Structures are given as structure tokens and as C-alpha cells.
Amino acid sequence: MSVRIVRVTTLDPAQADLAVEWNDVFVASTVATMGDDHDAWSMASLRAREASSAWDRRYLAAVDDAGRVLSSANLAMPLRDNPELALLDLAVHPDHRRLGIGTTMFDHVTEVARGAGRTSLVTETAYPKDGTDPGEAFARIHGFDMAQTNHRNDLDVTGYRHEQASDTPGYVIETSTDDTKDEWLEDRAHLQRRMSTDVPLGDLDFEEEDWDVERLKGEREATAKSGRRAVESVARHLDTGRLVAFTQLQIPTAEPVLAYQQDTLVLREHRGHGLGAAVKAANMRTLRAESPQTRIVRTWNAQENGPMIAVNEALGYRTTAILREWQKRLG
Ligand SMILES: CC(C)(COP(=O)(O)OP(=O)(O)OC[C@H]1O[C@@H](n2cnc3c(N)ncnc32)[C@H](O)[C@@H]1OP(=O)(O)O)[C@@H](O)C(=O)NCCC(=O)NCCS
């Protein structure tokens, strides 16, 4: 079958007719590799992400002469920090691979990134735990180097252990069933900033992220708009009154069976007191009480993040897939 790209077009997912078809390519591509157990974004979540003013996002579609979308790309460029960086998602519909379409799209996307002054491209590939990475050959041929390996870890909530975390003298754990509380925002902005530097980054060349109360409020709004509910627990240091650890879970309200473990951080100077396990246990207790339909909690951990993996394994998490980060310097 011969397929011809007649145009590579940019589109606005909030309005364009092509937006649903554009997203369907990502879904079909992910299903081809991961089966039904995939994490492709829903259209609602994508639209909610649009609300963020912290990113310049560009959406590209390769369209054939019958108007079908053959390939989709999403370029996300941070506006508040990391001015060199562009994050890329690129997929070719499984029915149209090995025809050079991915390469054509990649060339377009590279030009868009360059035009926006970006010199570092980061992309991800994913595959089931016992498989091989189908995106690797393409990434390497286009000049990417592997920068980090992450494990996708799933917790069967029914098999959850360690309901009772040990005591954490000197700290108190607080939980919100309604995302980050207003009175937490200032400390949480500091924690979120540290989240970008205090976690293992492999060979990824990322700078510190610029977080403040307004940006966190924007995230909170985007989470709600995307139809997700957030449960968050924090650890407060009693001597100073400051928050020194946090963890967040998100539950899609329309499909609560699968919940997502988002960021968790204990500030370096407060590690070694069991705070990571304590905030996670508090969140799990709340999740079970507030969302009894949730069966699986899913998270991603850097392979080299021994302490976080140890906490998660103790809670009963098991690896189900691998996600790899690739980075390329644009000459
Ligand atoms: C990776 C992907 C975008 C490639 O799209 P594509 O249109 O098939 O790519 P191209 O036809 O331009 O391939 C260019 C070259 O990459 C290499 N390549 C691509 N897919 C490959 C595969 N599955 N196995 C081995 N080599 C592969 C080949 O060298 C190919 O040239 P050839 O066909 O002449 O041998 C597509 O397979 C896909 O959507 N995968 C899932 C998403 C993904 O992994 N994205 C990561 C992008 S870095």
C-alpha cells in the first residue's frame, strides 16, 4: 500500500476537527505496544493541559490525501525554565509504519523546535516488562542517546501491605482529599521546585524548574478540569512548622479503577525518618476510604532510585512495563 503525506499541519486540540483523530493515533500506537493496559492521554486530559501557561505546546499531524492522520506529534516547550528543552511525543499509526513517515515528521518537529530556540530534544519509549523496546532503533537512528530507564510499577490495592506506617516523631502527617490545600501552597511550591532537582535524573540534562504559588494553582485547576481528583499527604516538621515531604495520588473520576501515583518527595535534610513511607501510607488509607472502586495504583520510578523503589516494593508494587527517556542535542 502506498501512502503519501500531503501535509504536516499544526493544530489546536481545543478546536480542530483533526484533534480527535490526532489523539487516536497516539492511542492506536500505544495499544499496539502495550495492549489494553496502556496510559495514552484522553482528549479531556489533553485539553485540560492546554490551560497551563507554563508550556508552549505545538501539535503536528501528518495527513494523507484522503484526510487521514497518519502520524501525530506533540512538542512541549517549558516557558518558565529549561529554555533549551523540548519534550517530544511522536507516533506513527501502526498501519503505516516503515514508510518513512516517522522520519518526515521528525524532520518537521526538529525544525519547529529549532525555530523556537530549543537545542535539546527529549522523547520517551515504552514497552511491556518482558518485551524489547520497539522505538529504540528509530530513536538511535535519529541521533538520540538513552538517558534514563524507568520502571512502571503497579500496586494491586487488594494486596496492599503496610497499612500502618511506623511513627515519625517530630513530624505530623496531614492529608487533603481535595488536592493541595491553600495553606500548603507556599511550602509546596518549594517542594515542587526541589522535586525537579532532588530526584535521580540519569543522564537527562534538566535544569531546576521554576515553581510558585500561581503555577501550582494552575496545575490544580488543570487536574480538576481533566476530570481527576487528587489526594495529597504532606509531612510537617514540628520544630519549624514547614512542610518537608509530600505525595500525591490522582484518581480519574470517570474511570477510578486505575489511579496514578504522582510525585513524592522528602527533602534531603529530612530523609531517613520514614517520611516517604508515612505520607504514602496516609494517602493509601485515604484512597481506600474515598475511592473503594480503585483496584490498581500506577507509578513510574527511575531504575536508579533505590530508596523510592524500596518503599514501593514494601508497599506491594510490582514492575509491569519499562519506559525509557532519550535525549538528543540539536546541532
Ligand atoms: C518509532 C516510530 C515513530 C517510527 O515510525 P516509522 O514511520 O515506522 O519510521 P520510519 O519509516 O521513518 O523509519 C526510519 C528508520 O528507523 C528504523 N526503524 C523504525 N522502526 C523500526 C523498527 N520497528 N525496527 C527496526 N528499525 C526501525 C529503521 O532504520 C527505519 O528505516 P528502514 O525502514 O528503511 O529500515 C513508530 O514505530 C512509532 O510510532 N512507534 C511508537 C512510538 C514511539 O516509540 N515513538 C518514539 C519516537 S523516538
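Five residue pairs, both partners at pLDDT 80 or more, are in polar contact across the interface of domain 1 and domain 2. On the domain 1 side of that interface, α2 (43-49) and β4 (85-92) each provide at least two of the residues that touch domain 2. Keep in mind as you look around that this is a predicted model.

**Who supplies the domain 1 face**
- With three residues, α2 gives the largest share of the side of domain 1 that touches domain 2.
- By character, the residues on this side are nine nonpolar, four polar and four charged.

**How the two domains are laid out**
- Domain 1 covers residues 5-118, and domain 2 covers residues 155-324.
- Their centres, taken over C-alpha atoms, lie 28 Å apart.
- Domain 1 brings 17 residues to the contact, and domain 2 brings 15 residues.

**How much area is buried**
- The size of an interface is often expressed as the accessible area lost when the parts come together.
- Here, domain 1 and domain 2 bury about 1,400 Å² between them, with 45% of it on carbon and sulfur atoms.
- Within domain 1, the residues that lose the most area to domain 2 are Asp-39, Arg-80 and Asn-82, which together make up 38% of what that side buries.

**Charged pairs**
- Three salt bridges are counted between domain 1 and domain 2.
- Arg-80, already met in the buried-area list, also has its side chain in a salt bridge with that of Asp-210, at 3.4 Å from N to O.

Conventions. Residues are numbered from 1 along each chain as its sequence is written. This is a predicted model: local features need pLDDT of at least 70, side-chain atom pairs count only at pLDDT 80 or more; totals for chains, interfaces and linings use all residues. Side-chain values use heavy atoms; hydrogens and water are left out. Domain bounds come from an automatic or database domain assignment. Contact means heavy atoms within 4.5 Å. Buried area is the accessible area (1.4 Å probe) that two parts lose on being put together, summed over both. A salt bridge is a side-chain nitrogen of Lys or Arg within 4 Å of a carboxyl oxygen of Asp or Glu. A polar contact is a pair of N or O atoms within 3.5 Å; within protein, one must be able to donate a hydrogen and the other to accept it, and residues adjacent in sequence count only if both atoms are side-chain atoms. Helices (H or I, at least four residues) and strands (E, at least two) are DSSP runs, numbered from the N terminus. Ala, Val, Leu, Ile, Met, Phe, Trp, Tyr, Cys and Pro count as nonpolar, Asp, Glu, Lys and Arg as charged, and the others, Gly among them, as polar.
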